[in-house]
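Subject: Handover of the structure, with notes

Dear colleague,

Here is the structure I am handing over to you, followed by my notes on what was found in it. Please keep the structure open while you read.

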Amino acid sequence: MAGSGSAQDRLDKIVMTIAHEMTADVCSCYVMRAGEVLELFATIGLNPDAVHKTRMRVGEGLIGDVAAHSRPIALANAPSHPNFAYRPETGEDPFNGFLAVPIVRGGRVRGVLAIQHKDRRDYDEQEVETLQTIAMIVAELVVVGELVDSRELSLVNDLVLLPSRVEGTSLNRGVGMGVAVLHRPQLTIRQMVADDPEAELARLKEAVTSMHSAIDQMLIAVGESDSEHAEIMQTYRMVAADRGWLNRIREAIRSGLTAEAAVQRVQDDNSARMAQVADPYIRDRLLDLNDITNRLLQHLAGKPVVATGGTLPDEFVLVARNLGPAELLDYDRRRLRGLVLEEGSAYSHVAIVARALDIPVVGQAADILRRVEPLDFLIVDGDNGQVFVRPADDIQAVFAASLAARQRRQAEYARLLELPAVTRDGQDVKLMLNCGLLIDLPHLKTTGADGVGLYRTEIPFMVRPSYPDVATQFENYSKVLEEAGGLPVNFRTLDVGGDKTLPYFPELGEENPALGWRAIRIGLDRPSMLRKQLRAMLMAGAGRDVRIMFPMVATVAEFIQARRILDLEVKRLKDGGHPGPADLKVGVMMEVPALLFQLDALLPLVDFMSVGSNDMLQYLFASDRGNPMMNNRYDLLSPALLRVLKMLVEKCGEAGVTLSLCGEMASKPLDAMALLGVGMRHLSMSAPAFFEVKSMLRSLHAGDLAAYMDQLYHLPVRSLRPYLRAYAADHGVRLG
Ligand code: PEP
Ligand code: MG
């Protein structure tokens, strides 16, 4: 490989050496060219005139079969095989024994390496392994672009084995383009061969040990409370300790590879196997093995496991199996153009955070990690739930045009800024924003929103390495209020637990975290934490109007208890001579259905109520909001949920309690239309949705819609969505 001469010379020498070392009569190397064609590039033993002449399609003959399925073929008597394609120009008739392996790099087939023997003979596993290892080294020669022009290579990459469009589910609308950054990137291996296998084995051992202890650390950190993560980590640990896997790596090292190359070699084999497996469970385990392999490579390189730092491309699309909201925030959002998840669902917090950042997201993109390599160009089409991998120029042009159109539409929406949020029948609607980061607050000005309907205080907590003290929180809340410039801000107390975990927070072995110790339950059990947060909020709000609400309240008694803690803090401030807030309004999140049956006792105690439709849907239908299998199973526009909302409108109206809704539902024009139809007049949404919703409501006759909806609530259907969509179409309601 490192010898002198052209790449072709070196390849010629390589096939000669292989034939010699493996006592074969023939050794040939086929290289993939554009159009899924395998071209004979070098041979010893076959007719040399056939070089650069013999070509076969992927799938054609035995060589094409190896490429098509990315798997070795070993035959004692090749000519008798039904797939044997006789090529007279090669003069290969006298050869019986046949062993061919794919030349794989980055999960893609780049060619085929074959040896042949005159005699009929069976090849043992060791020989197959050896040829695979050599093929891996040959792959390096093939991909550097000396044998085949690198422009053709990229064309080859587009065509071979990989579809260029991946379907998923839209988790946030919008379109973004950029190069792929894999959340667990593969490292590039520089040194392929090593002289001292013992030293490499020792390096492997050390890396395996350090990887195991890091995984154990993660397991301790995850605890058992987040069952999904815990399960993944348990599997990791099992896979990482898999003796067969480690033995295969050791064998590859003994064949002369560096530890890194050996790990990679086994992974290539694994990726090829994965392409053959349809069983989702086994695929999952193989995917875990890929993850583990990347970890092991990182330990071998002595690099940190989460490779979010470093130099990110200027415009990139993040690709991950799944992601926590804090992990997303690790990436530089100014360069982040889109997010693609192999899993993920619309109400998961990572999707919510991505929405706040206006990043298009496609979730449940099957196999995306296998199909995409670092720096592949990607288009994330969040509007239609699809991802284009290395799209051709014409597709890129279509999306560039659509991005430009979107920008023009945004410019049109800007005109809406000056117009009031009033329906056609004169109903005033308050439109507010959901915020969680300081960067969200400038949107108050750009949208002209009426305030912050939900300030998720947990997001700043989630992105810190340790629990923020009162002073830090005070600073944060003060900035929020300053930025809000007198507009109301509904601060929600810490809502962690479930899928929102804090890196420094003790984890518990909960079987159902969504039904477990979370939100106000933690606050009431750890009152000093809640008190500190309330103290910081009250201090920040000195002399101003302060609005505080409690999340996940299930009983009036819980609200009363939380309110008492708040009163204690108010008194504490007063006693300490601090100026208190000019006015204090206290609200409750309506997320747990049990609270619906305590309204008579609850409403007299609260100043405002905000429906958390994300959790309400989850608890009303017993349907995990983060579980991709449950995605779209139940609908927010179901008669059940809409009836709940209608009832709340009536009860809150009677009690004089302001009712708003701050779940993702308010961010979607059709859903928001339904909210106006049930009588809601305060909606809180993510900033990117603001003008679409405003445009919708200005084209709506709310009274007319309410009358129409009155005929629908009793229908025995899963969802009223089709009826509402038809109404919008018939009545010229603008849905964006
Ligand atoms: C909700 O549940 O709808 C809500 C707004 O709260 P979160 O999404 O933060 O749980
Ligand atoms: Mg909630």
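The notes below go from the chain as a whole to the ligands, and then to some helices and single residues.

Please bear in mind throughout that this is a predicted model.

**The chain as a whole**

The chain is built with 26 helices and 22 strands, and 55% of its 736 residues count as buried. Among the contacts in the chain with a separation of 6 or more, 67% are between residues 24 or more positions apart.

**The magnesium ion and ligand 1**

The magnesium ion (ligand 2) has as its protein donors Glu591, through OE, and Asp615, through OD, and these lie 1.9 to 2.0 Å from the ion. Because glutamate 591 belongs to the loop between strand S19 (583-590) and helix H20 (599-602), while aspartate 615 belongs to helix H21 (residues 613-620), the pair ties together parts that are 24 residues apart in sequence. Both glutamate 591 and aspartate 615 are buried.

Ligand 1 is surrounded by 17 residues, of which the closest are Arg456, Arg492, Glu591, Gly612 and Asn614. Glutamate 591 therefore deserves a second look, since an N or O atom in its side chain is 2.8 Å from an oxygen atom of ligand 1, and Glu591 is also one of the protein donors of the magnesium ion. Ligand 1 also has an oxygen atom 3.0 Å from a polar backbone atom of serine 613, and an oxygen atom 2.9 Å from an N or O atom in the side chain of arginine 625.

**Helices H23 and H25**

How many of the nine residues of helix H23 (residues 669-677) are buried? Nine of the nine are, so helix H23 is largely enclosed by the rest of the structure. The buried residues include Pro669, Asp671, Met673 and Gly677. What covers the buried residues of H23 includes four helices' worth of names to look up, namely H22 (639-655), H24 (690-698), H25 (702-710) and H26 (721-730), together with strands S21 (658-661) and S22 (682-685). Just after H23, glycine 679 takes a positive phi of about 110°.

In H25, the residues Ala702, Leu705 and Met709 are buried. These residues cover an arc of only 60° around the axis, which puts them on the same side of H25. An α-helix has 3.6 residues a turn, so residues three or four places apart point the same way. The buried residues of H25 pack against H22, H23 and H26.

**Helix H18 and arginine 535**

Helix H18 (residues 527-540) has 14 residues, which at 1.5 Å a residue should span 20 Å, and this agrees with its end C-alpha atoms, which are 20 Å apart. The buried residues of H18 include Met529, Leu530, Gln533, Leu534 and Arg535. Arginine 535, in helix H18, counts as buried because its relative accessibility is 15%, where under 20% is the cut-off. If its neighbours within four places in sequence are left aside, arginine 535 is in contact with Val470, Glu569 and Arg572.

**Two residues with a positive phi that are not glycines**

Serine 70 has a positive phi of about 50° although it is not a glycine. Serine 70 is placed in the loop between helix H2 (61-69) and strand S4 (73-75), and at 9% relative accessibility it counts as buried.

Arginine 390 likewise is not a glycine, yet has a positive phi of about 45°. Arginine 390 is found in the loop between strand S14 (386-389) and helix H13 (393-416), and with a relative accessible area of 11% it is buried.

**Two pairs of residues apart in sequence**

Is proline 513, in the loop between strand S17 (489-492) and helix H17 (520-525), buried or exposed? With a relative accessible area of 14%, proline 513 is buried. Proline 513 and glycine 497 are 16 residues apart in sequence, and their C-alpha atoms are 6.7 Å apart in space.

Arginine 415 has its place in helix H13 and, with a relative accessible area of 60%, is exposed. Arginine 415 and phenylalanine 691 are 276 residues apart in sequence, and their C-alpha atoms are 9.6 Å apart in space.

With best wishes

Technical notes
Residues numbered from 1 in each chain as written. Chains lettered and ligands numbered in written order. Predicted model: local features only at pLDDT ≥ 70, side-chain atom pairs only at ≥ 80, totals over all residues. Heavy atoms only, no water. Donors = N, O, S within 2.8 Å, 3.2 Å for Na, K, Ca; no water. Buried < 20%, exposed > 50% of the residue type's maximum accessible area, 1.4 Å probe, protein only. Contact = heavy atoms within 4.5 Å. Arc of directions from axis to C-beta. Expected span 1.5 Å × (residues − 1). Near = heavy atom within 4 Å. Polar contact = N/O pair within 3.5 Å; in protein donor to acceptor, adjacent residues only side chain to side chain.
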